[in-house]
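Here are some notes for a colleague who is opening this structure for the first time. They are set out as numbered points, to be read with the model on screen.

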Amino acid sequence: MSEFYKELRVDNGLRKIGVNDKGDYLEISINDSSVFDRFADLMTWLQEKEKDLNQFQKDHAGEKADDPEVLGMYAAKRTETYQECCQRLDKVFGEGCCRKVFGEIVPDELLIMDFIEQIGDVLHALGQERNRRMAEKYNRRRKGANTKKPEGDV
């Protein structure tokens, strides 16, 4: 049996973010550039859904505000939106994200926005960490960055 000449390990940038008192966490890699894209897409989607909900409310404002049918339609539309938001959050931050963060409920806009604000700060800090690591790794003071080839070498 042969031995390894050398073993290589790369830091995949995986960071664990605690999300509850039970010890559950989300894993985010600072080297996965798609997480930032997916988060930006989620934010765009949220803005569109907020407009849709506001328009729905305006469209039905002339109707009786206490009409159970109107209230039921609006409540159903909100719940549907927040369920879809949870599905999208799970796609951005991993399966089970919403269950870990919110428990076994359909979170309302207050809980979702609280999470979005907090995770946005985390993503910002992780982006800065990634940029700092890149700058350290590939700065011009590193050996080899400023070396000149001897003249005549090809």
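1. E129 is a residue of helix α4, and in this predicted model the residue counts as buried, because its relative accessibility is 18% and the limit for buried is under 20%. Once its neighbours within four places in sequence are set aside, E129 is in contact with R15 and I30.

2. The partner R15 has its place in strand β1, which covers residues 14–18, and the side chains of R15 and E129 are joined by a polar contact of 2.6 Å. Beyond its neighbours within four places in sequence, R15 is in contact with L26, E27, I28 and I30, and also with L126, E129 and R133. Among these contacts of R15, I28 also appears as one of the residues with the most contacts inside the largest nonpolar core.

3. For orientation, the chain's secondary structure comes to four helices and two strands, and these follow one another along the sequence in the pattern β-β-α-α-α-α. The chain has 154 residues, of which 25% are buried. Among contacts with a separation of 6 or more, 55% are between residues 24 or more positions apart.

4. Which residues have the most contacts inside the largest nonpolar core? They are I28, F39, L42, L89, F93 and F115, in a core of 26 residues. At least two residues of this core come from each of β2 (25–29), α1 (33–59), α2 (68–93), α3 (97–102) and α4 (109–137). As general background, nonpolar side chains in soluble globular proteins tend to be buried together.

5. Within that core, F39 deserves a separate look: F39 lies in helix α1 and counts as buried, because its relative accessibility is 13% and buried means under 20%. Leaving aside neighbours within four places in sequence, the residues in contact with F39 are V92, F93, I116, I119, G120 and L123. F39 and F93 are separated by 54 residues in sequence, yet their C-alpha atoms are 8.7 Å apart in space. L42, which is also listed among the residues with the most contacts in the core, is in contact with R88, L89, V92 and I116 when its neighbours within four places in sequence are left aside.

6. How are α1 and α4 arranged relative to each other, roughly parallel or roughly antiparallel? Their axes come within 12 Å and cross at roughly 150°, and since angles over 145 degrees count as roughly antiparallel, the two helices are therefore roughly antiparallel to each other. The contact is made by F36, F39, L42, M43 and L46 on the side of α1, and by I116, I119, G120, L123 and G127 on the side of α4. The crossing in which α1 passes α4 is left-handed.

7. The pairing of α2 with α4 can be read in the same manner. These helices pack at an angle of about 20°, with their axes 11 Å apart, and because angles under 35 degrees count as roughly parallel, α2 and α4 are roughly parallel to each other. From α2 the contact involves R78, Y82, C85, L89 and F93, while from α4 it involves E109, I112, F115, I116, I119 and L123. The crossing of α2 and α4 is left-handed.

8. Two further positions may be checked for their exposure. K91 is found in helix α2 and is exposed, because its relative accessible area is 68% and exposed means over 50%. K91 and V35 are 56 residues apart in sequence, while the distance between them in space is 9.5 Å, C-alpha to C-alpha. A125 has its place in helix α4 and is partly exposed, with a relative accessible area of 40%, a value that falls between the limits of 20% and 50%. A125 and I30 are 95 residues apart in sequence and 9.7 Å apart in space, C-alpha to C-alpha.

Key: Residues are numbered from 1 along each chain as its sequence is written. This is a predicted model: local features need pLDDT of at least 70, side-chain atom pairs count only at pLDDT 80 or more; totals for chains, interfaces and linings use all residues. Side-chain values use heavy atoms; hydrogens and water are left out. A nonpolar core is a set of buried Ala, Val, Leu, Ile, Met, Phe, Trp, Tyr and Cys residues joined through side-chain atoms within 4.5 Å. Buried means under 20% relative accessible area, exposed over 50%, partly exposed in between (1.4 Å probe, protein chains only). Contact means heavy atoms within 4.5 Å. A polar contact is a pair of N or O atoms within 3.5 Å; within protein, one must be able to donate a hydrogen and the other to accept it, and residues adjacent in sequence count only if both atoms are side-chain atoms. Axes are lines fitted to C-alpha atoms, for helices over the stretch in contact, and angles run from 0 to 180 degrees between N-to-C directions. Angles under 35 degrees count as roughly parallel, over 145 as roughly antiparallel, 65 to 115 as roughly perpendicular and the rest as oblique. A crossing is left-handed if the near helix is turned anticlockwise from the far one by less than a right angle, and right-handed if clockwise.
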